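Here is a short report for a reader new to this structure. Look over the sequence and the model first, then read on.

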Amino acid sequence: MLTFLLAPFLALLPRRWRRSGPALKSRDRRVPSILSGLGEFLLALVAMLYWYSYSVSTWVSRGLDVALAGKAGPGVNEQEIGLMAIFLFATHPLTWLIAYFAVEGSVRLVAAAFAESHLGILPLFVLDKVFLKITGQSGPSAAEPSGYAEGNFSSYVGALREKVRVSRTASVPDELCVFQEGPEEFLEIRASRRKPDWTAPRTVKVQDTFYRLEDCSMGSGPRPYRYRLRRLSAGVMSRTVLVYAPEPEPVVCQK
């Protein structure tokens with residue numbers, strides 16, 4: 001229960017920090033990331049409304065005091081003082097800082113909800129990079145990117161583009177093609193939808209046979225997602241093994 005309550009706050013951290021302890025390694029990160037992004041956006045919105053009310057009323061009050069004291073020059077009216085207060089609000093660094101967190105929160109919210117990308121906040125990501133640079137440590141490997149490196153803006157846009165493409169194409173049964181390459185037997189699965197967590201070199205169980213996922217690629221047509229699997233002589237079920245049990249039944253062909 002405590003982990004569930006803390007999960008939206010832990011979602012603020014860079015990916016490397018989230019992996020540093022057992023409590024931060026939850027596999028279900030979508031809902032906490034959505035709540036974290038929504039919370040950041042709403043807090044920034046409330047802060048912006050409070051800052052606007054406080055700053056504009058303060059600067060208008062000071063402007064009127066200066067005008068009544070005769071220090072503002074002739075012809076200065078309340079409308080001009082109000083416009084100047086709004087100009088000061090719009091150009092103040094705190095306004096831009098709050099606006100940044102509002103935009104970041106909305107981006108993190110949309111990324112988690114639609115692009116399945118779980119982003120921490122940029123200030124902590126930068127702090128982590130500076131710490132690694134000062135201490136001389138190496139960051140995550142290319143196979144294990146972190147933070148904004150994992151979900152930068154371009155990949156976020158690409159994921160949204162994929163969501164739009166999937167929504168415009170019909171879902172059809174997978175096509176399974178079995179073929180031989182020398183003594184090795186391979187299985188190619190062609191799907192109309194991307195299969196989550198199917199990354200090489202995961203082990204996949206198809207009925208009673210175990211395969212090693214060798215490669216994932218993009219093609220064309222109604223089944224653009226191609227998964228190439230090599231048959232294993234034996235396999236052992238574990239929590240990391242992917243079980244392939246599609247609905248409806250796939251179409252089987254021979255190469």
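## A buried threonine

Thr209 is buried, with a relative accessible area of 18%. The cut-off for buried is under 20%, so Thr209 falls within it. This residue sits in strand 4. Beyond four places in sequence, Thr209 touches Val204 and Arg231.

The model is a predicted one.

## The largest core

Strand 4 (209-218) is one of the elements that give two or more residues to the largest nonpolar core. The others are strand 2 (184-191), strand 3 (203-206), strand 5 (225-231) and strand 6 (242-244). This core has 14 residues. Those with the most contacts inside it include Leu187, Ile189, Trp198 and Val204. Tyr227, Leu229 and Tyr244 also belong to that group.

What does Leu229 contact, leaving aside neighbours within four places in sequence? Its partners include Leu187, Ile189, Trp198 and Val204. Glu185, Phe186, Tyr211, Arg212, Leu213 and Glu214 are also in contact with Leu229. In soluble globular proteins, nonpolar side chains tend to be buried together.

## A second core

Another core lies apart from the largest one. This second core has 9 residues. Among them are Ala44, Val56, Phe89 and Ala102.

## A buried lysine

Lys195 lies in the loop between strand 2 and strand 3. Is Lys195 buried or exposed? Lys195 is buried, because its relative accessible area is 15% and the cut-off is under 20%. Beyond four places in sequence, Lys195 is in contact with Asp174, Ile189, Tyr227 and Tyr244. Ile189, Tyr227 and Tyr244 are also listed among the core residues with the most contacts.

## The chain as a whole

The chain comes to 8 helices and 7 strands. Of its 255 residues, 34% count as buried. The accessible surface is about 16200 Å². Carbon and sulfur atoms hold 63% of that surface.

Many contacts span the sequence. Among contacts between residues at least 6 apart, 62% join residues at least 24 apart.

## Where to read with care

The mean pLDDT of the chain is 79. A value of 70 or more is reached by 78% of the residues.

Two stretches call for caution. Over residues 22-26, pLDDT stays under 50. The model has 9 contacts for residues 22-26 beyond four places in sequence. Over residues 141-153, pLDDT also stays under 50. Here the model has 25 such contacts. Where pLDDT is low, the predicted coordinates should not be read in detail.

Technical notes: Residues numbered from 1 in each chain as written. Predicted model: local features only at pLDDT ≥ 70, side-chain atom pairs only at ≥ 80, totals over all residues. Heavy atoms only, no water. Core = buried A, V, L, I, M, F, W, Y, C linked by side-chain atoms within 4.5 Å. Buried < 20%, exposed > 50% of the residue type's maximum accessible area, 1.4 Å probe, protein only. Helix = DSSP H or I, 4+ residues; strand = E, 2+ residues; numbered from the N terminus. Contact = heavy atoms within 4.5 Å. Areas by Shrake-Rupley, 256 points an atom, 1.4 Å probe, with all protein chains shown as cover. pLDDT = per-residue confidence, 0-100.
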